[in-house]
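Subject: The structure I promised you

Hi there,

Here is the structure we talked about, so open it up and keep it beside this email while you read. I'll go through what I found, piece by piece.

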Amino acid sequence: MLRLIADGLPNRDIAAELDVSVSTVKLYVQELLVKLQAADRTQAAVKALRQGWL
């Protein structure tokens, strides 16, 4: 999911790619933001790139 976020996909497209609901994507995104201590999706993607996770 973090790769899809970094690719700039909206929740609807991420949900379709992962075959889950949009509400599930929203929940996962919020959990990722907390775990990465990121304020938003962009910051989460930047942190992941800097850590070499993507």
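Below is a short tour of some of its helices, their contacts and a few backbone angles.

One thing before we start: this is a predicted model.

**Helix α2**

Start with α2, which covers residues 11-18. Which of its residues are buried? They are N11, I14 and A15. If you look down the axis of α2, these buried residues fit within an arc of 100 degrees, so they line one face of the helix. There is a handy rule behind patterns like this: an α-helix has 3.6 residues a turn, so residues three or four places apart point the same way. Turn to the other side of α2 and you'll find R12, A16 and E17, which are exposed. The cover over the buried residues of α2 includes α1, α3 and α4.

**A closer look at N11**

N11 sits in α2, and it's a nice one to click on. Is N11 buried or exposed? Its relative accessibility is 19%, and because buried means under 20%, N11 counts as buried. Its side chain makes a polar contact with the side chain of R41, at 2.5 Å. If you skip the neighbours within four places in sequence, N11 is in contact with V22, V25, K26, V29 and R41.

**Where α2 meets α3**

Next up is α3, residues 22-36. How do α2 and α3 sit relative to each other? Their axes come within 8 Å and cross at roughly 105 degrees. That angle is why α2 and α3 count as roughly perpendicular to each other. On the α2 side, the residues that meet α3 are N11, R12, I14 and A15, while α3 brings V22, V25, K26 and V29. Sorted by class, this contact has five nonpolar, one polar and two charged residues.

V22 is one of the α3 residues in that contact. With a relative accessible area of 33%, V22 is partly exposed. Leaving out neighbours within four places in sequence, V22 is in contact with N11, R12 and A15. Try picking V22 and P10 too: they are twelve residues apart in sequence, and their C-alpha atoms are 9.6 Å apart in space.

T24 is also in α3. T24 counts as partly exposed, at 23% relative accessibility. The side chain of T24 makes a polar contact with the side chain of S21, at 2.9 Å. Along the chain, T24 and R12 are twelve residues apart, and 10 Å separates their C-alpha atoms.

**Helix α4**

Now move along to α4, which runs over residues 41-51. Its buried residues are A44, A45 and A48. Seen down the axis of α4, they fall within an arc of 100 degrees, so they line one face of the helix. What sits on the face turned away from that buried side? That face carries the exposed residues T42 and R50. The buried residues of α4 are covered by parts that include α1 (2-6) and α3.

Both ends of α4 are worth a click. At the N-terminal end, D40 acts as a cap: one of its side-chain oxygens lies 3.2 Å from the backbone nitrogen of T42. Just after α4 comes G52, with a positive phi of about 80 degrees.

**Two backbone angles to look up**

Some background first. Most residues other than glycine have a negative phi. Keep that in mind for the next two residues.

D19 is not a glycine, yet it has a positive phi of about 60 degrees. Where is D19? It is in the loop between α2 and α3, just after α2. At 73% relative accessibility, D19 counts as exposed.

Q37 is another residue other than glycine with a positive phi, near 50 degrees. You'll find Q37 in the loop between α3 and α4. Q37 counts as exposed, with a relative accessibility of 67%.

**A good place to begin**

If you'd like one starting point, take N11: it is among the buried residues of α2, it meets α3, and its side chain makes a polar contact with the side chain of R41.

Have fun with it!

Methods. Residues are numbered from 1 along each chain as its sequence is written. This is a predicted model: local features need pLDDT of at least 70, side-chain atom pairs count only at pLDDT 80 or more; totals for chains, interfaces and linings use all residues. Side-chain values use heavy atoms; hydrogens and water are left out. Helices (H or I, at least four residues) and strands (E, at least two) are DSSP runs, numbered from the N terminus. Buried means under 20% relative accessible area, exposed over 50%, partly exposed in between (1.4 Å probe, protein chains only). A polar contact is a pair of N or O atoms within 3.5 Å; within protein, one must be able to donate a hydrogen and the other to accept it, and residues adjacent in sequence count only if both atoms are side-chain atoms. Contact means heavy atoms within 4.5 Å. Axes are lines fitted to C-alpha atoms, for helices over the stretch in contact, and angles run from 0 to 180 degrees between N-to-C directions. Angles under 35 degrees count as roughly parallel, over 145 as roughly antiparallel, 65 to 115 as roughly perpendicular and the rest as oblique. Ala, Val, Leu, Ile, Met, Phe, Trp, Tyr, Cys and Pro count as nonpolar, Asp, Glu, Lys and Arg as charged, and the others, Gly among them, as polar. The arc is that of the directions from the helix axis to the C-beta atoms.
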